[in-house]
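Student: Before I accept any label given to a part of this model, I would like to hear what the label rests on. Could we go through some of them in turn?

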Amino acid sequence: MSTLNLTLKIWRQAGPEAEGKIETRKAQNIPIEASFLEMLDIVNQQIIETGGDPIHFDHDCREGICGMCSLTINGVPHSKEVGTTTCQVHMRKFNDGDTIFIEPFRANAFPVLKDLVTDRTAFDRIIASGGYIDVRTGSAPDANSVPIPKEQADWAFDAATCIGCGACVASCKNSSAMLFVSAKAAHLNSLPQGQPEKDKRVLSMVRQMDAEGFGNCTNQYECEAACPKLISADNIAKLNRDFAIASVKEAVAMV
Amino acid sequence: MSINANIPEGPMADKWTNHKMNSKLINPANKRKFNIIVVGSGLAGASAAATLSELGYKVKCFCYQDSPRRAHSIAAQGGINAAKNYQNDGDSVQRLFYDTVKGGDFRSREANVRRLAEVSVNIIDQATAQGVPFAREYGGLLANRSFGGAQVSRTFYARGQTGQQLLIGAYQALEKEIQKGGVEMYTRTEMLDLVVVDGHAKGIVVRDMRTGKVSSYAADTVLLATGGYGNVFYLSTNAMGCNASAAVKAWKRGAYFANPCYTQIHPTCIPVSGEYQSKLTLMSESLRNDGRIWAPKSPDDAAAIRAGKKQASDIPEEDRDYYLERKYPAFGNLAPRDISSRAAKEACDEGRGVAKTGLGVYLDFRDAIDRLGEDAIRARYGNLFQMYEKIAGENPYKQPMMIYPAVHYTMGGLWVDYNLMSNLPGLHVLGEANFSDHGANRLGASALMQGLADGYFVIPTTVANYLATQKPGSVTTDHPEFAKVEKEVTDTIDKLMNVRGTRSVDYFHREMGLLTWDVCGMDRRKEGLEEGIAKIKELRAAFWDDVRIPGAANGINMELEKAMRVADFLEFAELLYIDALNREESCGGHFRGEYQFTSESPEVIAGKTQAGEALRDDENFCYVAAWEFTGVGEEPTLHKEELEYEDIKLAIRSYA
């Protein structure tokens with residue numbers, strides 16, 4: 001089995017109020033088959049054995065779907081691999097002797113809790129503000145009573161693949177959450193079931209996004225490049241359009 | 001304590017209808033007075049919390065993740081079963097019921113399964129109305145595919161991420177109720193113990209994982225929707241954080257734990273590659289709609305592949321053994337999971353494994369690609385193929401996938417009655433955390449169905465049967481029992497922090513996993529299990545003697561979190577082995593090497609089954625084993641719930 005020897009430059013921060021710093025650490029004999037997080041596991045075992053405090057990072061499913069893992073690797077959220085979450089980055093993509101910078105997903109709306117762990121609950125509050133279809137359990141009609149053209153369903157699906165990781169925010173120089181919000185809104189707004197609440201949904205979600213301290217979108221689409229699920233920035237255009245329409249309707253008291 | 005399943009009277013098909021009619025009701029004004037705690041925010045927890053809040057109850061929901069949307073239901077790939085019969089291929093509620101009972105090797109409770117099959121159709125309606133983007137045909141109607149153990153196409157799916165889409169539906173419903181004020185959500189908050197007051201579950205003690213603060217919450221009833229215990233094997237397809245602590249704590253407080261030996265080994269996972277490995281990744285069962293499973297006929301070919309001298313494509317058609325198609329022609333590659341897993345193990349035991357470790361067989365799409373084209377396969381399974389390529393570093397469009405069985409799901413769980421209530425009054429258990437619906441083996445695409453059935457449709461009705469007997473708000477955290485349990489929790493934390501040993505939590509977790517896989521994996525035997533029971537006691541003692549947890553208990557400390565979970569697993573593992581030792585038969589995921597059909601068995605000679613298949617003992621073991629805790633390291637007390645089959649005839653489970 002081939003192995004790698006690496007130099008890690010890792011963000012360490014004891015707590016939310018503490019000052020953070022980059023710590024340099026060797027990672028030795030890392031198997032190339034290991035995932036990036038397994039590399040950190042190995043380093044952490046060594047830290048524990050030598051009496052140190054292990055590097056804290058968020059992770060759970062380790063199969064690219066829960067959205068919990070959130071490392072900025074060499075300056076790019078989830079690394080430079082296209083369409084990949086941190087947990088699906090494998091060490092075979094690195095070379096022996098590499099220096100790797102590992103930082104949290106940085107944004108004012110994602111405060112660091114410890115080391116590489118951030119608080120991304122702002123996303124939950126955006127969903128709570130209107131990112132749903134209000135359907136009481138038990139009141140649904142037969143699932144096939146409303147046919148949805150396949151193209152439309154596929155478009156909704158492409159937006160629905162968002163895993164809520166926040167890479168879009170971390171990649172944006174303004175820390176804008178527009179890709180996240182637009183994807184969540186596009187999923188629901190493009191389905192017939194989502195029409196009754198569409199205007200209200202768009203207004204509430206955008207306002208909550210602003211209240212959480214996310215920045216504005218200046219259409220540079222770093223978010224699209226960083227998204228592990230390759231969600232299209234076309235959703236942003238759609239959200240802007242839907243927001244404009246909803247705002248006009250609101251102004252004339254139709255919402 | 002009594003063990004009464006409270007199965008409603010009447011014919012099987014009418015039981016749920018009758019039960020709903022006979023269940024107690026609580027009027028809307030009174031519902032507001034009742035507090036309900038829901039632990040877990042996966043499909044079962046999120047759907048229950050949202051629905052109970054819609055009904056007017058005051059709900060508190062807890063999860064250890066940073067957001068309820070990350071619960072491990074999210075990782076389910078393949079689909080969700082429902083008896084819609086949209087395909088006009090002969091499906092019905094009765095057929096789904098039958099397939100599930102048979103799939104569970106006749107070890108599930110018939111009435112619960114019948115109810116599950118009935119409400120399955122409502123789940124699809126509910127999810128679709130929420131905007132869950134199930135796959136559709138060009139005509140705009142919903143599409144289906146097939147899953148193991150069924151000869152009809154009843155599985156609804158959302159590409160390879162059905163779990164994520166269904167969970168987002170439930171999560172959005174939950175967030176809606178949070179916004180409306182009906183649910184208070186506690187994220188990064190882990191339940192560490194159950195509080196029992198006068199014999200009733202009335203609250204929980206939790207730890208805020210950000211600050212380390214330990215505190216209590218009281219309620220009129222507690223719902224556990226905390227998932228399964230697959231991580232007792234260390235390597236599994238579960239998320240890293242999945243744990244059995246809530247269930248183990250409830251067990252230690254008096255709730256019976258049922259059938260822990262029913263563990264599901266999923267046949268198609270990416271094989272283990274090294275010691276550093278932290279988890280295993282599933283390749284969806286849906287792949288078996290188009291993929292064909294095989295191993296070389298000759299051990300020599302397999303050895304050449306392992307040595308890198310040959311590739312799969314070098315093995316000519318006549319030298320390949322499509323063993324599932326050969327052994328189970330009626331179901332072929334869609335044979336159920338337990339059976340497919342054992343067949344893979346058998347091929348590898350014969351020296352025909354193809355992975356470097358010898359533990360791997362092929363899942364081959366060559367024929368499907370020839371028949372349908374690469375694009376069609378990409379459209380169906382693109383994200384799974386991509387995930388495989390990232391992990392295994394090989395292109396599955398060119399070379400077959402290499403797969404091997406891995407721990408995936410646990411059918412056992414806390415014992416519940418028909419109302420989903422434990423023998424411990426006030427404690428309800430939902431989803432994978434309970435035991436009732438899947439018997440000894442779960443069929444593919446039935447976990448999502450069960451989680452959502454319990455949360456959306458069963459508990460909202462049945463919880464009232466308990467609550468109506470209670471005075472709302474009668475117990476608060478002022479009750480001395482809360483302070484007592486809180487103290488026990490903080491004492492345990494202090495004890496762990498003060499071991500100051502030399503070995504990491506992961507070391508103990510890995511050792512426990514290896515032992516569990518060894519003695520209680522795909523082939524269990526008496527001697528191994530007895531040895532396991534002795535060894536796990538030693539490992540548990542070593543853990544408390546030598547574990548090292550760095551840092552402090554106040555603030556985020558992921559080693560401490562892991563240590564508490566592993567400490568509970570170390571107690572649970574012993575129960576798992578004891579149950580496996582007690583059940584002297586083979587059924588579903590529980591395969592005891594001593595109990596299998598041989599070429600001399602009359603049933604094999606009569607052509608009803610084959611040598612090597614699981615040999616059930618209906619005369620002596622047609623019961624649910626519900627275990628009562630009697631002390632750490634002490635022999636637990638066995639309570640039996642006899643399984644009576646009214647509607648479905650007990651039979652040899654054949655897929656040939």
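Tutor: What follows is a set of questions about a predicted model, each answered by setting a value against the definition behind the term.

Student: Let us begin with chain A; what makes up its secondary structure, and how far does its C-alpha trace span along its principal axes?

Tutor: The secondary structure of chain A comes to eight helices and seven strands, and its C-alpha trace spans about 65 × 40 × 35 Å along the principal axes. Of the 255 residues in chain A, 60% are buried. Where contacts in chain A join residues at least 6 apart in sequence, 70% of them link residues at least 24 apart.

Student: Which strands of the five-stranded open sheet in chain A are called edge strands, and what makes them so?

Tutor: The order of that sheet is 2-1-5-3-4, with mixed pairing. Strand 2 (21-31) and strand 4 (76-77) of chain A are its edge strands, as each of them pairs on one side only.

Student: How do you know that strand 1 and strand 5 of chain A are paired?

Tutor: Two strands count as paired when at least two bridges are found between them, and strand 1 (residues 3-12) and strand 5 (residues 99-104) of chain A, which run parallel, are joined by four bridges. The criterion is therefore met. One position to look at is Lys9(A), which stands opposite Phe101(A) in strand 5 of chain A.

Student: What is noted about the backbone of His78(A) and of Ser79(A), and where do these residues lie?

Tutor: His78(A) has a positive phi of about 65 degrees although it is not a glycine, and Ser79(A), also not a glycine, has a positive phi of about 80 degrees. His78(A) lies in the loop between strand 4 and strand 5 of chain A, and Ser79(A) is found in the loop between those strands as well.

Student: Why is His78(A) called buried, and why is Ser79(A)?

Tutor: The term requires a relative accessible area under 20%. His78(A) has a value of 1%, so it is buried; Ser79(A) has 6%, so it counts as buried too.

Student: Which residues of helix 3 of chain A are buried, and what do they pack against?

Tutor: In helix 3 (residues 150-160) of chain A the buried residues are Lys150(A), Ala153(A), Ala156(A), Phe157(A), Ala159(A) and Ala160(A). They pack against helix 5 and helix 8 (234-251) of chain A, together with helix 6 (162-180) of chain B. As background, an α-helix has 3.6 residues a turn, so residues three or four places apart point the same way.

Student: Turning to chain B, why is strand 2 described as largely enclosed by the rest of the structure?

Tutor: Strand 2 of chain B covers residues 58-62, and four of its five residues are buried, so the description follows.

Student: What are the pairing partners of strand 2 of chain B?

Tutor: Strand 1 (residues 35-39) of chain B pairs with strand 2 of chain B in the parallel sense over five bridges, and Asn35(B) has Lys58(B) as its bridge partner in strand 2. Between these two strands the chain passes through helix 3 (residues 43-55) of chain B, a β-α-β crossover that is right-handed. Strand 2 of chain B also pairs in the parallel sense with strand 5 (residues 183-186) of chain B, over four bridges, where Lys60(B) has Glu184(B) as its bridge partner.

Student: How many cavities does a search of the whole structure find, and what lines the largest cavity?

Tutor: The search finds eight cavities of 30 Å³ or more, and the largest cavity holds about 870 Å³ of space. It is lined by 50 residues, of which His72(B), Ser73(B), Gly227(B), Gly228(B) and Glu432(B) are the closest to its centre. By class, this lining has 20 nonpolar, 24 polar and six charged residues, and its largest share, four residues, comes from helix 13 of chain B.

Student: What is the volume of the second largest cavity, and which residues lie nearest its centre?

Tutor: The second largest cavity has a volume of about 130 Å³. Its lining has 15 residues, and nearest the centre lie Cys172(A), Gln220(A), Tyr221(A), Glu222(A) and Cys223(A). Helix 5 (178-189) and helix 7 (222-226) of chain A are the elements that give two or more residues to this lining, which divides into eight nonpolar, five polar and two charged residues.

Conventions
Residues are numbered from 1 along each chain as its sequence is written. Chains are lettered from A and ligands numbered from 1 in the order in which they are written. This is a predicted model: local features need pLDDT of at least 70, side-chain atom pairs count only at pLDDT 80 or more; totals for chains, interfaces and linings use all residues. Side-chain values use heavy atoms; hydrogens and water are left out. Buried means under 20% relative accessible area, exposed over 50%, partly exposed in between (1.4 Å probe, protein chains only). A crossover is right-handed if, with the strands pointing away from the viewer, the path from the first strand over the helix to the second runs clockwise. On a 1 Å grid over the protein atoms alone, a cavity is a set of points where a 1.4 Å probe fits but cannot get out, and a pocket is an open set with protein on both sides within 12 Å along at least five of seven lines; lining residues have an atom within 4 Å of a point. Grid points are joined across faces, edges and corners, and a volume is the space filled by probe spheres set on the points. Ala, Val, Leu, Ile, Met, Phe, Trp, Tyr, Cys and Pro count as nonpolar, Asp, Glu, Lys and Arg as charged, and the others, Gly among them, as polar. Contact means heavy atoms within 4.5 Å.
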